[in-house]
Amino acid sequence: PPKKASQDIRKKLLEVSETTVLNALYLVDSVVKNTPSAVHKDFLSPELLGSLKAIVEGQDSGMAKAIDKALEMLGEWKAAFGDDSNYKVIQTIFNELEKGGYYIPEAQLASASFMQKPPVFQESEKCYLCTKEFGKGLYKGRHHCRNCGKSICNKCMGDTPLALPHFGISDPQKLCITCYKKIDKPSEQSESSNDNIPSEFMLGNSSPQPPQTSDREIELQEEDDLQMAIAISLNEEENKKKTSSSTTASSFYSSNPPKSTPQTST
């Protein structure tokens, strides 16, 4: 479950190895960017955000990259969620670090200010495009478009996964045919909605409404999305290790040398 995963990751953030801490930060970043808002409450909790603040204020010279990543994430989250009353703790920690003299990259804030929130998945017993019914087992053959959140079948997914920069998601995501055409080739999108449905599934003009689903089904879907985000993050980190033997010097330590106490104004 998301709450348990968040607790496990917080333990990793307390490790003394920068590699372990950095991997945990990338994992949290990927989960927030690649899962629906229902998962965010566990990963943007006061406890986890407090751990990020502790990493920054620890000023450990061996944690330069982790400090940079923590500041980057806090800046993006502040821009993306700062106006949401459910995440006031983000604004609080952001303000405390700024008052303490810590530098949060403006470029990251600017890019995150355009970040929208991914949609909440809409559960349905049928594909919203072709109306094909899903199976009855744990794996029902049902997928969710990461752009619109609607339930789709295999046949109604786009040709290839695509990144969703408007959600701050750089990793390719599964999409329905409609959203795939909008994002991949917006100028060639057909005016007819029927063009978005495979011909073998043309069953008329019915447009069934998604029925109500149980809390258990939603919980199972959240766990599935969390596992997907973790896999994406691990793959992303592995690719970075293969393609880069070094990273740029820490912006934090280049502009803010380690200090024993936070800066205060007189």
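**Exercise 1. A charged pair in helix H1**

Is Lys4 buried, exposed or partly exposed, and what is its relative accessible area? Determine also which residue forms a salt bridge with Lys4.

*Solution.* The model considered throughout these exercises is predicted. Begin with the accessibility: Lys4 has a relative accessible area of 44%, and because values between 20% and 50% fall in the middle class, Lys4 is partly exposed. Next, look for the partner, which is Asp8, with the closest N and O atoms 3.0 Å apart. Asp8 is likewise partly exposed, its relative accessible area being 31%. Finally, place the pair: Lys4 and Asp8 both belong to helix H1 and stand four residues apart, about one turn of the helix.

**Exercise 2. Salt bridges elsewhere**

Find which residues are linked with Lys69 in a network of salt bridges, and then describe the pair formed by Glu123 and Arg142.

*Solution.* The network links Asp29, Lys69 and Glu72. Within this network, Glu72 forms a salt bridge with Lys69, the closest N and O atoms being 3.2 Å apart; both residues lie in helix H5, three residues apart, about one turn of the helix. Lys69 counts as buried because its relative accessibility is 7%, which is under the 20% limit.

Turning to the second pair, the side chains of Glu123 and Arg142 meet in a salt bridge at 3.2 Å, N to O. This pair links distant parts of the chain, since both residues lie in the loop between H7 and strand E1 (143–144), 19 residues apart. Both Glu123 and Arg142 are buried. The total for the model comes to five salt bridges.

**Exercise 3. A buried acid without a salt bridge**

Establish which side chain of opposite charge is nearest to Glu18, and which backbone atom lies 3.2 Å from a polar atom of the Glu18 side chain.

*Solution.* First locate the residue: Glu18 is found in helix H2, which covers residues 18–34. Glu18 is buried, and the nearest side chain of opposite charge is that of Lys65, 5.3 Å away. Because a salt bridge requires the nitrogen and the carboxyl oxygen to be within 4 Å, Glu18 has no salt bridge. Then consider polar atoms: the backbone nitrogen of Ala64 is the one that lies 3.2 Å from a polar atom of the Glu18 side chain. Leaving out residues up to four places away in sequence, Glu18 touches Gly62, Met63, Ala64, Lys65 and Ala66.

**Exercise 4. The nonpolar cores**

Identify the helices that each supply at least two residues of the largest nonpolar core, and list the contacts of Leu52.

*Solution.* The largest nonpolar core has 37 residues, and those with the most contacts inside it are Leu13, Leu25, Val28, Phe43, Leu52, Trp77 and Phe81. H1, H2, H3, H4, H5 and H6 each supply at least two of its residues. Leaving aside neighbours within four places in sequence, Leu52 is in contact with Leu13, Leu25, Ala70, Met73, Leu74 and Trp77. Apart from this core lies another, of 17 residues, among them Cys127, Leu129, Phe134 and Ile152.

**Exercise 5. A loop residue**

Decide whether Ile104 is buried or exposed, and state how far Ile104 is from Leu71 in sequence and in space.

*Solution.* Ile104 lies in the loop between H6 and helix H7 (106–112). Its relative accessibility is 6%, and therefore Ile104 counts as buried. Ile104 and Leu71 are 33 residues apart in sequence, and their C-alpha atoms are 5.6 Å apart in space.

Terms used. Residues numbered from 1 in each chain as written. Predicted model: local features only at pLDDT ≥ 70, side-chain atom pairs only at ≥ 80, totals over all residues. Heavy atoms only, no water. Buried < 20%, exposed > 50% of the residue type's maximum accessible area, 1.4 Å probe, protein only. Lys, Arg positive; Asp, Glu negative; His and termini not counted. Polar contact = N/O pair within 3.5 Å; in protein donor to acceptor, adjacent residues only side chain to side chain. Contact = heavy atoms within 4.5 Å. Core = buried A, V, L, I, M, F, W, Y, C linked by side-chain atoms within 4.5 Å.
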